[in-house]
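Work through the exercises below with the sequence and the model open. Try each task before reading its solution.

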Amino acid sequence: MDLLDWHRGRLSSRRLAVLVRHLPRDSALAREVHGEAADWTATDYLLATAVDQLAEANWMFATVHQDEDAEPLEYPKPLPRPSGHPEGTDASEDGDAPAVANPGPEELGLFFA
């Protein structure tokens, strides 16, 4: 499709808006607008959260079962999310742009349906 057709009058503004609105998640426009978050789906967020929870559980187990005199173990760092901030931190605290929101209840509901 030639986008110059919009300037030539052969493509309506409504049709152009519909085409842009329904671009795939991995399109160049989506990547430009949303950055790396365009590549992340609800599944990716859930998998990253599961990995973080497993690391925390392993840390807790190791901490409880170590000697009393041993050095405390380092708390595991969460996997980086597309926003560039680890889960649980607010981007507005350090002055950066707001973090990309995690998937909402609707997306998670669709995942488990």
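## Exercise 1: A nonpolar patch

L29 is partly exposed, with 40% relative accessible area. The model is a predicted one.

Task: Place L29 in its helix, then find the surface patch that L29 helps to make.

Solution.
- Step 1. L29 belongs to helix α3, residues 28-34.
- Step 2. Patch residues need over 30% relative accessible area. L29 has 40%.
- Step 3. V20, L23, L29 and V33 make a nonpolar surface patch of about 330 Å².

## Exercise 2: Pairs around R8

Task: Identify the salt bridges that R8 forms with D2 and with D5, and classify the exposure of the residues.

Solution.
- Step 1. A salt bridge needs a side-chain nitrogen of Lys or Arg within 4 Å of a carboxyl oxygen of Asp or Glu.
- Step 2. For D2 and R8, the closest N and O atoms are 3.0 Å apart, and the pair forms a salt bridge.
- Step 3. For D5 and R8, the closest N and O atoms are 3.1 Å apart, and this pair also forms a salt bridge.
- Step 4. Where do D5 and R8 lie? Both are in helix α1, residues 4-8, three residues apart, which is about one turn of the helix.
- Step 5. Now classify exposure. Buried means under 20% relative accessible area, and partly exposed runs from there up to the 50% limit for exposed. D5, at 17%, is therefore buried. D2 is at 34%, so D2 is partly exposed. R8 has 44% and is partly exposed too.

## Exercise 3: A link across the sequence

Task: Say which parts the salt bridge between R81 and D52 ties together. Are R81 and D52 buried or exposed?

Solution.
- Step 1. The closest N and O atoms of R81 and D52 are 2.8 Å apart.
- Step 2. R81 sits in the loop between α4 (42-64) and α5 (105-112), and D52 in helix α4, so the salt bridge ties together parts 29 residues apart in sequence.
- Step 3. R81 and D52 are both buried.
- Step 4. Elsewhere, salt bridges with shared partners join D2, D5, R8 and R10 into one network.
- Step 5. The structure holds four salt bridges in total.

## Exercise 4: E74 and W59

Task: Locate E74, classify its exposure, and give its C-alpha distance to W59.

Solution.
- Step 1. E74 is in the loop between α4 and α5.
- Step 2. The relative accessible area of E74 is 62%, so E74 is exposed.
- Step 3. E74 and W59 are 15 residues apart in sequence, and their C-alpha atoms are 8.2 Å apart in space.

Notes: Residues are numbered from 1 along each chain as its sequence is written. This is a predicted model: local features need pLDDT of at least 70, side-chain atom pairs count only at pLDDT 80 or more; totals for chains, interfaces and linings use all residues. Side-chain values use heavy atoms; hydrogens and water are left out. Buried means under 20% relative accessible area, exposed over 50%, partly exposed in between (1.4 Å probe, protein chains only). Helices (H or I, at least four residues) and strands (E, at least two) are DSSP runs, numbered from the N terminus. Patches are made of residues with over 30% relative accessible area and no salt bridge: like charges are joined within 9 Å, nonpolar side chains (Val, Leu, Ile, Met, Phe, Trp, Tyr) within 5 Å. Accessible areas come from the Shrake-Rupley method with a 1.4 Å probe; for residues, only the protein chains shown count as cover.
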